[in-house]
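Here is a protein to explore together. Take a look at the structure, and then we can work through some questions.

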Amino acid sequence: MLRCGCKAERTAPEREFGKEVERQRLSDAGFNPTTDNAGDKYYLHRCGHLLHLLSDNLWASDNAPRHCCTLEGYLAWIEALASVA
């Protein structure tokens with residue numbers, strides 16, 4: 001299980017697209033993998049949220065609420081948010 005690393009102090013963590021099961025779960029939740037011009041790998045949700053999978057079994061999102069401590073909790077929250085948008 002991936003833990004939230006949103007509030008952790010970090011220095012240039014390696015970002016990745018994750019394992020197949022994680023990629024599929026993120027795709028099912030409306031996220032698409034992308035890489036920017038600097039080579040940063042992240043997922044972009046159709047609502048505009050960014051999500052990074054980090055190399056040390058952590059994840060981080062620009063808009064994750066404090067109560068979303070697990071990736072599954074965050075995905076449930078964003079799926080509910082997207083259903084009313």
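Q: In what order do the elements of the protein run from the N terminus on?

A: This is a predicted model, in which local features need pLDDT of at least 70, side-chain atom pairs count only at pLDDT 80 or more, and totals for chains, interfaces and linings use all residues. Residues are numbered from 1 along each chain as its sequence is written, and side-chain values use heavy atoms, with hydrogens and water left out. Helices (H or I, at least four residues) and strands (E, at least two) are DSSP runs, numbered from the N terminus. The protein has 2 helices and 6 strands, and their order is β-β-α-β-β-β-β-α.

Q: Which element gives the most residues to the largest nonpolar core?

A: A nonpolar core is a set of buried Ala, Val, Leu, Ile, Met, Phe, Trp, Tyr and Cys residues joined through side-chain atoms within 4.5 Å; buried means under 20% relative accessible area with a 1.4 Å probe, protein chains only. The largest one has 13 residues, and Leu26, Phe31, Leu51, Leu71, Tyr74 and Leu75 touch the most other members. Strand S5 (50–54) and helix H2 (71–84) each give two or more residues. The top contributor, with 4 residues, is H2.

Q: Is the aromatic pair of Phe31 and Tyr74 stacked, edge-to-face or tilted?

A: Rings of Phe, Tyr and Trp (its six-membered ring) pair if their centres lie within 6.5 Å; planes under 30 degrees apart count as stacked, over 60 as edge-to-face and the rest as tilted. The whole structure holds 4 aromatic pairs. For Phe31 and Tyr74, the centres are 6.3 Å apart and the planes at 40 degrees, so this pair is tilted.

Key: Buried means under 20% relative accessible area, exposed over 50%, partly exposed in between (1.4 Å probe, protein chains only).
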